[in-house]
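The report that follows describes the fold of a single protein chain, working from its sheet to its helices and then to selected residues. Please read it alongside the sequence and the coordinates.

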Amino acid sequence: MCLVFLSRFQKLVDLNLDIKREFDIAPGTQAICFRSLRSLTVYAPIKSIRELMENIDCPLISSIDVRPRDKCTLEQFIDCLTYIVGKFGTALDRLAIRGRKLSFDELRRQEAIPFASSLLPVLSLLPSLLHLEISGVYNFWREGFNLTDILRAVPGLLSLKITIPRELPRDIGEYLPLQVQESPEELEALRAPTLDDLLAVPQVCPSLEELVLPILDARNPPSTALGPGAPLGIKVVIGAVRRVKIESKKDAYGRLRAVCPGIQLARWLETAH
């Protein structure tokens, strides 16, 4: 068995597994021990991820990065994540959760997947987590995401990164000369955090040092006057920022900097109102 062979490398600290097929480990098999492993990345069918996690022992593990390969239900993924967190959660200081690739038909149907809200019970089981990354294509975020709820679930975070990757459907060959087109219309429709949500960060997650978001809605100023927690002293990186088209970029950027002087943004999304 490949895992048994790999476990013989007693000084192995970082393991990246890309598994294309489902596999089973015979019941009663002795746990496969990776004595020095600190970081584990797994891209595999959901059943294989579960089999792997049930049958390995990693006393020094501190970082797990997991993504299902091929089709699985959200319930199956959450169940697998719950097991991972139950087994390794108290030891983890970093967790990366990546939604699976969707098929062309799934993307075309534009079905909403309640990804962010379903993750909240899992995240609340991670008292020692310092770094969290959540990634998934647009369908996983169609219902939006509540930044405050995510931070409140893991209030000891030092960094939070939420991304919407640009990638081909899983049933299109990875090596075909196709480009993934950006979809500004989708981003414009996505329910996004606001400047008020940014200002609430120090209250719900006082240790946070870095925040990366795919989108921010900055069309309106904060609903209340900037309090003692402003301006924010954390690093904030935004993929796209909404602003009203008739407003100048200078004015919109000034409002952003009043809330967070060190904010970085990749582009503007202009809206009619």
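In this predicted model, nine strands form an open sheet whose order is β1-β3-β5-β6-β7-β8-β9-β10-β11, and the pairing in it is parallel. The edges of the sheet are taken by β1 (14-18) and β11 (264-271), each of which pairs on one side only. On average, and with direction ignored, neighbouring strands of the sheet are turned by 10 degrees against each other. Strands of a sheet pair through backbone hydrogen bonds, either parallel or antiparallel. The chain as a whole has nine helices and 11 strands.

At one edge, β1 pairs in the parallel sense with strand β3 (residues 39-45) over five bridges, and within this pairing Leu-17 of β1 stands opposite Val-42 in β3. In a regular strand the side chains alternate between the two faces of the sheet. In β1, the covered face carries Leu-15 and Leu-17, whereas the uncovered face carries Asp-14, Asn-16 and Asp-18. Elsewhere in the sheet, strand β8 (residues 159-163) runs parallel to strand β9 (residues 210-217) and is joined to β9 by three bridges, with Leu-160 standing opposite Leu-211 in β9.

Two helices can be described by the strands they meet. Helix α3 (residues 74-88) packs on the sheet, where it touches β5 (63-69) and β6 (94-98), and the direction of α3 makes about 160 degrees with that of β5. Helix α5 (residues 115-123) lies across β6 and β7 (131-135), and runs at about 150 degrees to β7.

A further packing arrangement involves two helices. The axes of helix α8 (residues 195-204) and helix α9 (residues 249-259) come within 10 Å and cross at roughly 15 degrees, so α8 is roughly parallel to α9, an angle under 35 degrees being counted in that class. The crossing of α8 and α9 is right-handed. On the α8 side the contact is made by Leu-195, Leu-198 and Leu-199, and on the α9 side by Arg-255, Leu-256 and Val-259. The buried residues of α8 include Leu-195, Leu-198 and Leu-199, together with Val-201 and Val-204, and what covers the buried residues of α8 includes α6 (147-153) and β9 as well as α9.

For the chain overall, buried residues make up 47% of the 273 residues. Among the contacts in the chain with a separation of 6 or more, 79% are accounted for by residues 24 or more positions apart. The table lists the relative accessibility of selected residues.

| Residue | Relative accessible area | Class |
|---|---|---|
| Cys-58 | 5% | buried |
| Cys-205 | 1% | buried |
| Asp-70 | 40% | partly exposed |
| Asn-139 | 3% | buried |
| Leu-74 | 15% | buried |

How many disulfides does a search of the whole structure find? The search finds zero disulfides. Cys-58 is in no disulfide, and the nearest cysteine sulfur, that of Cys-33, is 7.3 Å away. A disulfide is a covalent bond between the sulfur atoms of two cysteines.

Asp-70 has its place in the loop between β5 and α3, and the phi of Asp-70 is near 65 degrees, a positive value in a residue other than glycine. With a relative accessible area of 40%, Asp-70 counts as partly exposed because this value lies between the 20% and 50% limits.

Leu-74 lies in helix α3 and, at a relative accessible area of 15%, is buried. Not counting residues up to four places away in sequence, Leu-74 touches Ile-113, Pro-114, Phe-115 and Ser-118. The C-alpha atoms of Leu-74 and Leu-119 are separated by 9.9 Å, although these residues are 45 residues apart along the chain.

Asn-139 is found in the loop between β7 and α6, and is buried at a relative accessible area of 3%. Leaving aside neighbours within four places in sequence, Asn-139 is in contact with Leu-102, Glu-106, Leu-107, Gln-110, Glu-111, Ala-112 and Ile-113. Ile-113 is thus named among the contacts of Asn-139 and also among those of Leu-74.

Terms used: Residues are numbered from 1 along each chain as its sequence is written. This is a predicted model: local features need pLDDT of at least 70, side-chain atom pairs count only at pLDDT 80 or more; totals for chains, interfaces and linings use all residues. Side-chain values use heavy atoms; hydrogens and water are left out. Two strands pair if DSSP finds at least two bridges between them. Helices (H or I, at least four residues) and strands (E, at least two) are DSSP runs, numbered from the N terminus. Axes are lines fitted to C-alpha atoms, for helices over the stretch in contact, and angles run from 0 to 180 degrees between N-to-C directions. Contact means heavy atoms within 4.5 Å. A disulfide is a pair of cysteine sulfur atoms within 2.5 Å. Buried means under 20% relative accessible area, exposed over 50%, partly exposed in between (1.4 Å probe, protein chains only). Angles under 35 degrees count as roughly parallel, over 145 as roughly antiparallel, 65 to 115 as roughly perpendicular and the rest as oblique. A crossing is left-handed if the near helix is turned anticlockwise from the far one by less than a right angle, and right-handed if clockwise.
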